[in-house]
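Dear colleague,

I am handing over the structure below, and after it you will find an account of what came out of going through it. Please read the two side by side.

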Amino acid sequence: MKKIYQIDQLIKKINFEKKKNKKIVHCHGVFDLVHVGHIKHFQEAKKVGDFLVVSITSDKYVNKGLGRPIFSENLRAEFLSSISYIDAIYVNHQSTSEKLITLIKPNVYFKGPDYKDNKKDRTKNILKETSSVKKHGGKIVYSNDITFSSSNLINNYFDYYDSNQKKFLNSISKKYDFGFIFNKIDQLKKLKVLLIGETIIDQYIFGEVLGKSGKEPHLVLKEGKKENYLGGAAAIANHLSTFCKEINFLTFTGKEKDSLNFIKKSLKKNIKVKFFNKKNSPTIVKKRFIDEITQNKLLGVYSLNDEKFKKNSELKFINYIRKYVSSCDLILVSDYGHGFISDKAAKILSSTNKFFSLNAQVNAANRGYHSLRKYRNIDNLIINENELRHEMRDKISDIEKMSIKLIKDLKINKLTVTRGNSGAILIEKNGKSIYSPAFANKVVDKVGAGDAMLVIISLCMKIKMPSDLALFLGSLAGATAVENIGNSKFINKNELLRQIQFSIK
């Protein structure tokens with residue numbers, strides 16, 4: 001008997017059942033790990049009607065932590081089809097069931113007891129769904145049975161997390177409940193941020209690798225689709241946008257209209273931006289040629305002019321820094337080493353009494369020339385292990401010893417060193433260190449991971465969130481970044497909260 005329907009088929013089937021005076025009951029959820037709680041839920045739902053429709057959230061919209069769902073939408077649908085209480089199954093390709101409710105108009109929308117207090121659903125989706133049900137003449141009914149948590153079962157009884165991850169998560173969950181974390185993150189909206197750094201357009205060119213050229217010793221790629229993403233400090237601005245209401249952004253771009261229009265269109269509405277230009281300097285574009293089958297990067301091509309500002313332009317930039325510093329709570333600088341932030345500007349940023357957070361990156365264009373040494377009095381520094389070793393000119397020494405030396409040299413309060421799949425270490429000026437494992441389930445693209453961590457850890461440090469908790473949240477943000485290509489997805493406050501909630505169950 002067929003149970004899995006496409007939308008047109010489902011509507012037709014429900015209309016047929018309604019003509020026979022059958023009462024339609026609708027359940028919606030992820031149902032990633034079906035357990036006895038779900039079976040009891042479906043059993044109770046069937047008792048209040050005649051025909052039970054179960055819609056499941058498609059993989060794209062499952063937001064219950066990194067690497068979720070465990071089972072794909074097709075496997076989840078197939079498993080549910082074996083449960084006798086269920087009459088129809090639909091994979092819902094929307095973030096909520098609101099649109100589906102409008103289409104099928106169930107007599108009863110059936111939810112678990114944990115949704116009785118609608119205010120506890122911080123996504124507010126239950127309010128939208130309830131409104132849609134009532135609008136079309138239906139009613140919402142809550143089950144009375146006990147609840148079980150799929151996330152709790154997965155976190156504690158599956159080999160989803162390794163021993164280091166479980167130990168760290170257990171430590172976090174014992175010290176901080178979700179309500180405490182939620183209230184801390186909610187405080188971030190009050191912060192006024194001054195963000196400074198170069199805007200970069202990350203262009204990904206996908207194509208088919210044809211092989212070696214017939215006449216010359218180089219690889220040939222058949223060019224396919226192109227995708228442009230905001231990169232550099234512009235990506236950081238968008239990461240900040242759902243956490244803070246007020247963001248002032250000073251950045252460098254070229255004057256070409258197409259690039260400026262793309263940047264302006266892509267920046268979130270609560271970001272106030274001031275563009276600076278250098279003579280004969282284009283907007284920085286970093287092209288990456290990708291094998292569309294393996295997703296491997298084949299070649300990078302950069303378009304940039306990394307000369308320093310002329311004196312008049314530098315003075316104008318510094319005047320804007322002074323203008324915005326007085327009213328901000330936090331200065332966040334991401335220095336990509338392409339000539340935007342001069343030694344003089346860095347000195348001024350280092351001498352303010354504002355909370356100062358920094359990420360100064362080493363890349364192919366600035367290696368051997370770019371340094372942190374122009375900065376001092378840094379409250380929070382994010383750096384990866386390779387950048388740290390480059391800065392210290394040391395390939396072999398212990399990371400923590402090098403970090404402590406850098407902390408003393410530059411008068412840093414807290415330093416976070418990211419180490420890829422080896423996690424991250426946060427070292428404080430008193431020598432105390434905290435380790436967090438990496439949480440990425442899959443690594444698609446490392447571009448932007450440090451920027452995502454910089455945002456979350458900087459904001460958390462500003463409101464004096466405990467260091468281990470700040471590192472945990474930053475690690476989740478970094479893991480989210482590497483699981484997506486380029487900056488195709490920005491860190492979102494509500495999504496991060498859900499990841500936290502399900503990670504520490």
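**An enclosed helix**

Of the 8 residues of α13, 7 are buried, so this helix is largely enclosed by the rest of the structure. Please keep in mind throughout that the model is a predicted one. The buried residues of α13 are E385, E387, L388, R389, H390, E391 and M392, and what covers them includes the strands β13 (355–360), β14 (378–384) and β15 (412–418) as well as the helix α14.

**How α13 packs on α14**

Since α14 is among the elements that cover α13, their packing deserves a closer description. Two packed helices are described by the angle between their axes and the distance between the axes. For α13 (residues 385–392) and α14 (residues 399–410), the angle is about 60 degrees and the axes lie 11 Å apart, which makes α13 oblique to α14. The crossing in which α13 passes α14 is left-handed. On the α13 side the contact is made by E385, L388, R389, E391 and M392, and these residues meet I399, M402, S403, K405, L406 and D409 of α14. Sorted by class, the residues of this contact comprise 5 nonpolar, 1 polar and 5 charged. E385, L388, R389, E391 and M392, which α13 brings to this contact, also appear in the list of its buried residues.

**How α15 packs on α16**

A second helix pair is formed by α15 (449–462) and α16 (467–482), with a loop between them. Their axes come within 8 Å and cross at roughly 155 degrees, and with the limit for this description set at over 145 degrees, α15 and α16 are therefore roughly antiparallel to each other. Here the crossing in which α15 passes α16 is right-handed. From α15, the residues A449, A452, M453, I456, I457, C460 and M461 take part, and they meet S467, A470, L471, L473, G474, S475, A477, G478, A481 and V482 of α16. In terms of class, the contact of α15 with α16 holds 13 nonpolar and 4 polar residues and no charged ones.

**Two loop residues with positive phi**

The loop between α15 and α16 contains K464, a residue that is not a glycine and nevertheless has a positive phi of about 60 degrees. K464 is exposed, its relative accessible area being 73%. A positive phi of about 60 degrees is also found at N280, again although this residue is not a glycine. N280 sits in the loop between the strands β9 (271–276) and β10 (284–291), and with a relative accessible area of 68% it is exposed.

**The chain as a whole**

Looking at the full chain, the protein has 17 helices and 17 strands. Its radius of gyration is 26 Å, close to the 23 Å that the globule rule gives for 505 residues, so the chain is as compact as a globular protein of that length. The C-alpha trace spans about 80 × 60 × 45 Å along its principal axes. Of the 505 residues, 53% are buried. Among the contacts with a separation of 6 or more, residues 24 or more positions apart account for 73%.

With best wishes

Conventions
Residues are numbered from 1 along each chain as its sequence is written. This is a predicted model: local features need pLDDT of at least 70, side-chain atom pairs count only at pLDDT 80 or more; totals for chains, interfaces and linings use all residues. Side-chain values use heavy atoms; hydrogens and water are left out. Axes are lines fitted to C-alpha atoms, for helices over the stretch in contact, and angles run from 0 to 180 degrees between N-to-C directions. Helices (H or I, at least four residues) and strands (E, at least two) are DSSP runs, numbered from the N terminus. Angles under 35 degrees count as roughly parallel, over 145 as roughly antiparallel, 65 to 115 as roughly perpendicular and the rest as oblique. A crossing is left-handed if the near helix is turned anticlockwise from the far one by less than a right angle, and right-handed if clockwise. Contact means heavy atoms within 4.5 Å. Ala, Val, Leu, Ile, Met, Phe, Trp, Tyr, Cys and Pro count as nonpolar, Asp, Glu, Lys and Arg as charged, and the others, Gly among them, as polar. Buried means under 20% relative accessible area, exposed over 50%, partly exposed in between (1.4 Å probe, protein chains only). The radius of gyration is taken over C-alpha atoms; the globule rule is 2.2 Å times the number of residues to the power 0.38.
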